[in-house]
Amino acid sequence: MKILAIETSCDETAICILECAGKMPQPQFKVLGNALVSQIHIHKEYGGVYPMLAKREHIKNLPIVLKAALKEAGESAENPNIDMIAVTAGPGLEPALWTGIEFAKGLGEKWGKPVVPINHMEGHLWSVLFNNDKPIEFPAIALLVSGGHTELVHVEGFDKFNIIGRTRDDAVGEAFDKVARLLDLPYPGGPKISAMAEIARKRESIMDFRFPRPMLNTDNYDFSYSGLKTSVLYTTRKLDKLDEDTKAEIAREFEEAAIEPLIEKTTRAIDEFGARTLIVGGGVSANAYLREKLSTLSLERGVDLRLPSPELTTDNAVMIAIAAYVRHLTHGLTPSEDIRARGNLPLS
Ligand code: KG4
Ligand code: ZN
């Protein structure tokens with residue numbers, strides 16, 4: 001089965017054509033064509049993503065990205081050999097989501113192909129299936145960490161998962177982005193903070209910053225990141241100067257404070273639910289320090305750690321096509337004429 005997937009939930013315009021084969025528990029995937037245009041350089045100026053600006057850019061980029069993906073796949077733009085069109089319907093920025101949905105509907109009509117709505121977080125969840133050399137064993141715990149979400153999910157099977165914990169305010173990726181702004185570092189903050197923290201970790205500590213580990217010991221699986229960001233804000237305000245060494249020290253302590261609750265609560269969830277697999281997805285799963293801690297945790301608890309390959313950590317269309325195929329195998333897909341953008345679409 002060939003799926004053409006479209007992703008426009010935030011600041012990446014992405015389209016791929018994915019060949020999907022095999023059955024659960026081990027589907028196989030091959031990318032036939034894949035194109036992505038990032039708007040990061042545009043949003044950088046503002047230190048974050050502006051929905052109306054994102055919308056304008058998606059509208060401009062979608063035809064260009066489609067052309068590139070079809071060309072790579074050797075398919076015609078008039079009548080491509082695909083079975084369905086999958087499009088992200090939420091969660092995300094509604095004006096941005098609508099651009100992908102309207103574009104998908106137009107193509108569906110033109111080509112006479114069914115269009116199916118896909119949940120963006122299901123994409124992050126199943127992005128680990130791309131390199132699927134052995135079947136996933138359930139139950140699993142999934143840690144989904146991105147710019148918009150911080151969720152712990154109890155995954156009983158490919159068709160049965162539910163959220164057991166989430167952030168009560170900011171997402172962890174959002175905290176990286178906001179702290180980066182406080183330190184005068186470019187958007188998106190994650191990669192830059194991670195690189196500076198790595199530098200600070202390699203040398204002897206020259207300053208002693210200490211930030212709170214929010215909700216570390218609460219008796220639930222929830223998270224909170226706005227207090228941590230505020231704590232960094234107060235610290236930076238008190239400083240006379242913010243030189244590179246100081247920034248690196250703050251980045252290190254912030255990164256450790258942000259990641260400790262993720263590891264602590266994931267460990268507890270693995271123990272409580274007897275998980276055999278730990279799935280991780282979303283932009284923050286690219287973080288090297290988080291990956292190191294997750295790998296130690298998986299060895300200690302004897303769980304199989306599944307991480308997406310680096311290019312599938314941040315938003316992309318391949319994960320949307322994978323999620324569509326998983327839904328096709330587990331539930332059967334129902335094409336819809338009436339797809340709507342849902343900014344807060346829950347994972348269920
Ligand atoms: O999944 P994603 O591309 O978009 C959303 O669905 O939100 O995630 C983007 C987020 C941004 O907040 C970015 O700062 C963060 O992922 N991120 C990282 C790293 N790379 C990207 N955070 C920490 N460390 C990284 N290496
Ligand atoms: Zn995402």
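Where is aspartate 184 found? In this predicted model, aspartate 184 lies in the loop between H5 and H6, and its phi is near 60 degrees, a positive value in a residue other than glycine. The loop between helix H5 (172–182) and helix H6 (189–201) also holds proline 188, which is joined to tyrosine 187 by a cis peptide bond with omega of about -10 degrees. A second cis bond runs from glycine 90 to proline 91, with omega near -5 degrees, and proline 91 is found in the loop between S4 and H3.

**The sheet of S1 to S5**

Five strands make an open sheet with mixed pairing, in the order S3-S2-S1-S4-S5. Strand S3 (28–38) and strand S5 (115–119) are at the edges with a single partner strand each, so one side of each is left without a neighbour in the sheet. From one strand to the next, the twist averages 25 degrees. S2 and S3 form a hairpin with 6 residues between the strands, where glycine 22 takes a positive phi near 85 degrees, while alanine 21 stands opposite glutamine 28 in S3.

**The sheet of S6 to S10**

Another open sheet of 5 strands has the order S8-S7-S6-S9-S10, again with mixed pairing. Here strand S8 (160–166) and S10 stand at the edges, and since each has a single partner strand, one side of each is left without a neighbour in the sheet. Neighbouring strands of this sheet are turned against each other by 20 degrees on average, direction ignored. Helix H8 (residues 244–273) packs on this sheet, where it touches strand S6 (140–145), S7, S8 and strand S9 (277–281), and its direction makes about 160 degrees with that of S6.

Three of the strand pairs in the two sheets are set out below.

| Strand pair | Sense | Bridges | Citation |
|---|---|---|---|
| S2 and S3 | antiparallel | 10 bridges | S2–S3 |
| S4 (residues 84–90) and S5 | parallel | 5 bridges | S4–S5 |
| S7 (residues 150–157) and S8 | antiparallel | 6 bridges | S7–S8 |

Within these pairs, alanine 86 has valine 116 in S5 as its bridge partner, and glycine 157 has lysine 160 in S8.

**Helices H2 and H3**

Helix H3 (residues 94–111) lies across strand S1 (2–7), strand S2 (12–21), S4 and S5, and runs at about 160 degrees to S4. The axis of H3 also comes within 8 Å of that of helix H2 (residues 51–73), the two crossing at roughly 35 degrees, and this crossing is right-handed. On the H2 side the contact includes Met52, Ile59, Leu62, Leu66 and Leu70, and on the H3 side the residues include Phe103, Leu107 and Trp111. By class, the contact of H2 with H3 is made up of 13 nonpolar, 3 polar and 1 charged residues.

**The zinc site**

The zinc ion (ligand 2) has His120 (NE2), His124 (NE2) and Asp315 (OD) as its protein donors, at 2.0 to 2.1 Å from the ion. The angles among the 4 donor atoms of the zinc ion (ligand 2) range from 95 to 143 degrees, and the site is irregular. Along the sequence, the donor residues are spaced H-x3-H-x190-D. Distant parts of the chain are linked in this way, with histidine 120 in helix H4 (residues 120–126) and aspartate 315 in the loop between strand S10 (304–306) and helix H10 (318–330), 195 residues apart.

Key: Residues are numbered from 1 along each chain as its sequence is written. Chains are lettered from A and ligands numbered from 1 in the order in which they are written. This is a predicted model: local features need pLDDT of at least 70, side-chain atom pairs count only at pLDDT 80 or more; totals for chains, interfaces and linings use all residues. Side-chain values use heavy atoms; hydrogens and water are left out. Two strands pair if DSSP finds at least two bridges between them. Helices (H or I, at least four residues) and strands (E, at least two) are DSSP runs, numbered from the N terminus. Axes are lines fitted to C-alpha atoms, for helices over the stretch in contact, and angles run from 0 to 180 degrees between N-to-C directions. Contact means heavy atoms within 4.5 Å. A crossing is left-handed if the near helix is turned anticlockwise from the far one by less than a right angle, and right-handed if clockwise. Ala, Val, Leu, Ile, Met, Phe, Trp, Tyr, Cys and Pro count as nonpolar, Asp, Glu, Lys and Arg as charged, and the others, Gly among them, as polar. Donors are N, O and S atoms within 2.8 Å of the metal (3.2 Å for Na, K and Ca); water is not among the atoms, so sites may look incomplete. Four donors count as tetrahedral if all angles lie between 85 and 135 degrees; four count as square planar and six as octahedral if opposite donors are over 155 degrees apart and all others between 65 and 115; anything else is irregular.
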